[in-house]
Amino acid sequence: MSKLPKENRFLDLSDYGRPAASVIAKALQNTSFTPIHVTLLFVVCGFVAIYYILHENYWATTLFLILKSILDAADGELARLKNTPSYTGRYLDSISDSVLNLLILITIWYSTNGSLLYTFLAFFGIQLQGTLYNYYYVILRNKYNGDTTSRIFEKETPIALNGEKQRDVDILFSLYRLLYGVFDKIIYRLDKKAVESTHLPNWFMTAVSTFGLGFQLLIIGIMLVMGLREYIIPFFITYSIFIFIFIGVRKFLNEE
């Protein structure tokens with residue numbers, strides 16, 4: 001189930017797990033499984049992938065990174081099928097992603113005896129990349145009446161939806177702001193006028209989708225399998241240059 005109306009959908013390279021996620025969600029639709037359960041399952045997959053990195057079993061690592069991405073899409077799919085959107089699930093998903101990203105990079109650093117400074121720079125770059133992609137994507141979703149659980153500006157604690165507790169939303173939102181607030185502010189300062197964009201063509205969004213978490217994890221898996229473990233952290237630092245390129249292209253398309 002897409003987050004955008006049919007006429008506004010683009011090829012999302014980071015969302016390769018959506019078909020499998022839809023199958024999983026449909027299988028769980030009439031069960032007691034909730035989207036939160038699926039989120040917790042993808043957290044488990046992330047930790048299993050980390051275990052296999054440490055044991056240098058990179059095919060297994062890649063398998064669990066891909067499974068993590070599939071389940072990451074399945075929790076939202078299940079929420080839409082059950083018609084149970086929640087801010088609890090939305091923030092838990094994002095918090096889990098951020099923590100797993102950091103742990104995966106630290107594990108790669110540990111296994112390569114690389115630079116801890118570069119590791120945190122790579123994490124910073126990955127988070128900025130993902131924030132830019134989500135920024136543009138959420139703008140599209142709000143503009144074309146797609147899924148709106150995510151907000152363009154996450155500044156104030158939202159009111160809990162039916163079926164969730166305000167206390168849970170408050171706690172998770174605070175954690176979300178702690179982990180993502182600085183990245184949101186940086187991207188907004190770099191491209192304040194994106195919210196006024198009248199033209200975010202499909203080919204452009206497809207290019208930016210290489211910043212999506214699913215694609216980032218796929219790159220990590222492929223580089224591990226190819227024996228390029230030592231180049232993963234430098235790659236994500238360097239790839240952050242495209243943040244400025246994509247923002248420049250977005251501005252050019254809207255003639256700012």
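**Asn83 and Asn113**

I began with Asn83, which I found in the loop between α3 (58-81) and α4, in what is a predicted model. Asn83 is exposed, with a relative accessible area of 64%, and its phi is near 55°, a positive value in a residue other than glycine. I noted beside this that most residues other than glycine have a negative phi.

I then looked up Asn113, which lies in the loop between α4 and α5 and has a positive phi of about 55° although it is not a glycine. Asn113 is exposed, and its relative accessible area is 69%.

**Helix α4 with α2, and Ser98**

How do the axes of α2 and α4 stand to each other in angle and distance? I read an angle of about 0° between helix α2 (residues 35-54) and α4, with the axes 10 Å apart, and that makes α2 roughly parallel to α4, since angles under 35 degrees count as such. Sorting the residues of this contact of α2 with α4 by class, I have 13 nonpolar, seven polar and two charged.

Within helix α4 I stopped at Ser98, which is buried, with a relative accessible area of 2%. Setting aside residues up to four places away in sequence, I list Phe123, Gln127, Leu179 and Tyr180 as the residues that Ser98 touches.

**Phe173 and Leu140**

Phe173 lies in helix α6 and counts as buried, at 5% relative accessibility. I also took the separation of Phe173 from Leu100: they are 73 residues apart in sequence, and their C-alpha atoms are 18 Å apart in space.

Leu140, which I found in helix α5, counts as buried at 5% relative accessibility. From C-alpha to C-alpha, Leu140 and Thr157 are 22 Å apart in space, and in sequence they are 17 residues apart.

**Phe153 in the loop between α5 and α6**

Is Phe153 buried, partly exposed or exposed? Phe153 is found in the loop between α5 and α6, and I enter it as partly exposed because its relative accessible area is 33%, which falls between the limits of 20% and 50%. Leaving aside its neighbours within four places in sequence, I find Phe153 in contact with Tyr188 and Val195. For a longer separation in the chain I looked at Phe153 and Ile245, which are 92 residues apart in sequence and 23 Å apart in space, C-alpha to C-alpha.

**Asp191 in the loop between α6 and α7**

Which side chain joins that of Asp191 through a polar contact of 2.4 Å? I first placed Asp191 in the loop between α6 (166-190) and α7 (202-208), where it is buried, with a relative accessible area of 0%. The polar contact of 2.4 Å runs between the side chains of Asp191 and Arg250. Not counting residues up to four places away in sequence, Asp191 touches Arg250 and also Tyr135, Tyr136, Ile247 and Lys251. I recorded Thr210 as well, which is 19 residues from Asp191 in sequence and 19 Å from it in space, C-alpha to C-alpha.

**Helix α9 and its surroundings**

My last entries concern helix α9 (residues 232-239), which packs with helix α10 (residues 241-253) at an angle of about 25°, the axes being 4 Å apart. That makes α9 roughly parallel to α10. On the side of α9 the contact is made by Ile237, Thr238 and Tyr239, and on the side of α10 by Ile241, Phe242 and Ile243. By class I have five nonpolar residues, one polar residue and no charged residues in this contact of α9 with α10.

Which residues of α9 are buried? I list Ile232, Ile233, Phe236 and Tyr239. Seen down the axis of α9, these buried residues fall within an arc of 135°, so they line one face of the helix. I set against this that an α-helix has 3.6 residues a turn, so residues three or four places apart point the same way. What covers the buried residues of α9 includes α4 (87-112), α5 (116-143), α8 (213-225) and α10.

Technical notes
Residues are numbered from 1 along each chain as its sequence is written. This is a predicted model: local features need pLDDT of at least 70, side-chain atom pairs count only at pLDDT 80 or more; totals for chains, interfaces and linings use all residues. Side-chain values use heavy atoms; hydrogens and water are left out. Axes are lines fitted to C-alpha atoms, for helices over the stretch in contact, and angles run from 0 to 180 degrees between N-to-C directions. Helices (H or I, at least four residues) and strands (E, at least two) are DSSP runs, numbered from the N terminus. Angles under 35 degrees count as roughly parallel, over 145 as roughly antiparallel, 65 to 115 as roughly perpendicular and the rest as oblique. Contact means heavy atoms within 4.5 Å. Ala, Val, Leu, Ile, Met, Phe, Trp, Tyr, Cys and Pro count as nonpolar, Asp, Glu, Lys and Arg as charged, and the others, Gly among them, as polar. Buried means under 20% relative accessible area, exposed over 50%, partly exposed in between (1.4 Å probe, protein chains only). The arc is that of the directions from the helix axis to the C-beta atoms. A polar contact is a pair of N or O atoms within 3.5 Å; within protein, one must be able to donate a hydrogen and the other to accept it, and residues adjacent in sequence count only if both atoms are side-chain atoms.
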